[in-house]
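Ready for a few warm-up exercises? Have a look at the sequence and the model, try each task yourself, and then read the solution.

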Amino acid sequence: MKKTIFEITKMDCPSEENLIRMKLDGISSIVNLDFDIPNRTLTVFHTGESFLIEKSLLELNLGAKKISTGETNQTDFKENENQKKLLWMVLAINFVFFVIEMTTGVFSKSMGLVADSLDMLADSFVYGISLFAVGGTLIKKKRIAKLAGYFQIILAIIGFLEVLRRFFGEEKLPNFSTMIVVSILALIANGICLYILQKSKSKKEAHMKASMIFTSNDVIINLGVIIAGVLVSWLQSSKPDLIIGTIVFVLVVQGAMRILKLSK
């Protein structure tokens, strides 16, 4: 048995963990994966060489870098029996907030909220792929990943077109108070998701949870929408909302491209 440790600089939240699990699924030499999200490291227990594992991780463009590899006597790995239940909880939270942010975004005329809702939907796709394809073949998982990736890209393109229409047209100011309140609730929801997914980790990692939450892309996006809401109120302009919406749409497309890579 060998143990290879990878540093993955862009592994900010459990969403990336699921992408990595799917990417490495099917590599028969892998015995166990041990993720340390706060420290952005992945320990892979495997037989044979690590070349194929390293190649697969590099294809995700998450900043993977092999730190060390060596022999290990460890053979007992305890799987988390509650993992599926935790994933269902996180999927539910993400999907509920997708609906909330999309609905309030449309009625408040906020592209920032609409874009953030798509980011929530993107996370839901990742967790959903992991859950609905459990026990399925690798081909089945890749088909689901391809559908999810293209669906996200289509939604993001529609969002970009709407941003352009509003930028060059006469549009009423978005409701900044709705933007701020809903984004704060989404911020709390993301924090709860991260906490739920870390419940299965050892207690000694508890002190790392705060830093993990505040370096999460989802949390940064929530804060961006809140700031945009404040600027809309201050400047009496819809431009800050359109700018944050555009930035988030770009992030959604990047996430979709990662998912599409899993279908290759």
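## Exercises with solutions

Keep in mind throughout that this is a predicted model.

**Exercise 1.** Find the strands that pair with β1, and say in which sense they pair.

*Solution.*
- Start at strand β1, which covers residues 2–8.
- Look at β3 next: β1 and β3 run antiparallel, joined by six bridges. For a concrete contact, take Glu7, whose bridge partner in β3 is Thr41.
- Now turn to β4, residues 64–71. The pairing with β1 is antiparallel here too, with seven bridges. Ile5 is a handy marker, as it sits opposite Ser68 of β4.

**Exercise 2.** Work out how the buried residues of helix α2 are placed around its axis.

*Solution.*
- Helix α2 spans residues 51–59, and its buried residues include Ile53, Ser56 and Leu57.
- These three cover an arc of only 100° around the axis, so they lie on the same side of α2.
- That fits a simple rule: with 3.6 residues a turn, an α-helix has residues three or four places apart pointing the same way.

**Exercise 3.** Check the phi angles of Arg40, Asn61 and Lys109, and place each residue in the chain.

*Solution.*
- First, what would you expect? Most residues other than glycine have a negative phi.
- Arg40 goes against that: not a glycine, yet its phi is positive, about 55°. You'll find Arg40 in the loop linking β2 (30–36) to β3 (41–46).
- Asn61 comes just after α2 and has a positive phi of about 55°.
- Lys109, again not a glycine, has a positive phi near 60°. Its place is the loop between α3 (83–108) and α4 (111–132).

**Exercise 4.** Decide whether Arg40 and Lys109 are buried, exposed or in between.

*Solution.*
- You need two cut-offs: buried is under 20% relative accessible area, and exposed is over 50%.
- Arg40 has 21%, so it counts as partly exposed.
- Lys109 has 31%, which means that it is partly exposed as well.

**Exercise 5.** Which residues make the nonpolar surface patch of about 550 Å², and how accessible is Phe167?

*Solution.*
- The patch is made by Ile157, Leu161, Leu164, Phe167 and Phe168.
- Pick out Phe167, which belongs to helix α5, residues 138–168.
- Its relative accessible area is 41%, so Phe167 is partly exposed.

Technical notes:
Residues are numbered from 1 along each chain as its sequence is written. This is a predicted model: local features need pLDDT of at least 70, side-chain atom pairs count only at pLDDT 80 or more; totals for chains, interfaces and linings use all residues. Side-chain values use heavy atoms; hydrogens and water are left out. Helices (H or I, at least four residues) and strands (E, at least two) are DSSP runs, numbered from the N terminus. Buried means under 20% relative accessible area, exposed over 50%, partly exposed in between (1.4 Å probe, protein chains only). Patches are made of residues with over 30% relative accessible area and no salt bridge: like charges are joined within 9 Å, nonpolar side chains (Val, Leu, Ile, Met, Phe, Trp, Tyr) within 5 Å. Accessible areas come from the Shrake-Rupley method with a 1.4 Å probe; for residues, only the protein chains shown count as cover. A salt bridge is a side-chain nitrogen of Lys or Arg within 4 Å of a carboxyl oxygen of Asp or Glu. The arc is that of the directions from the helix axis to the C-beta atoms. Two strands pair if DSSP finds at least two bridges between them.
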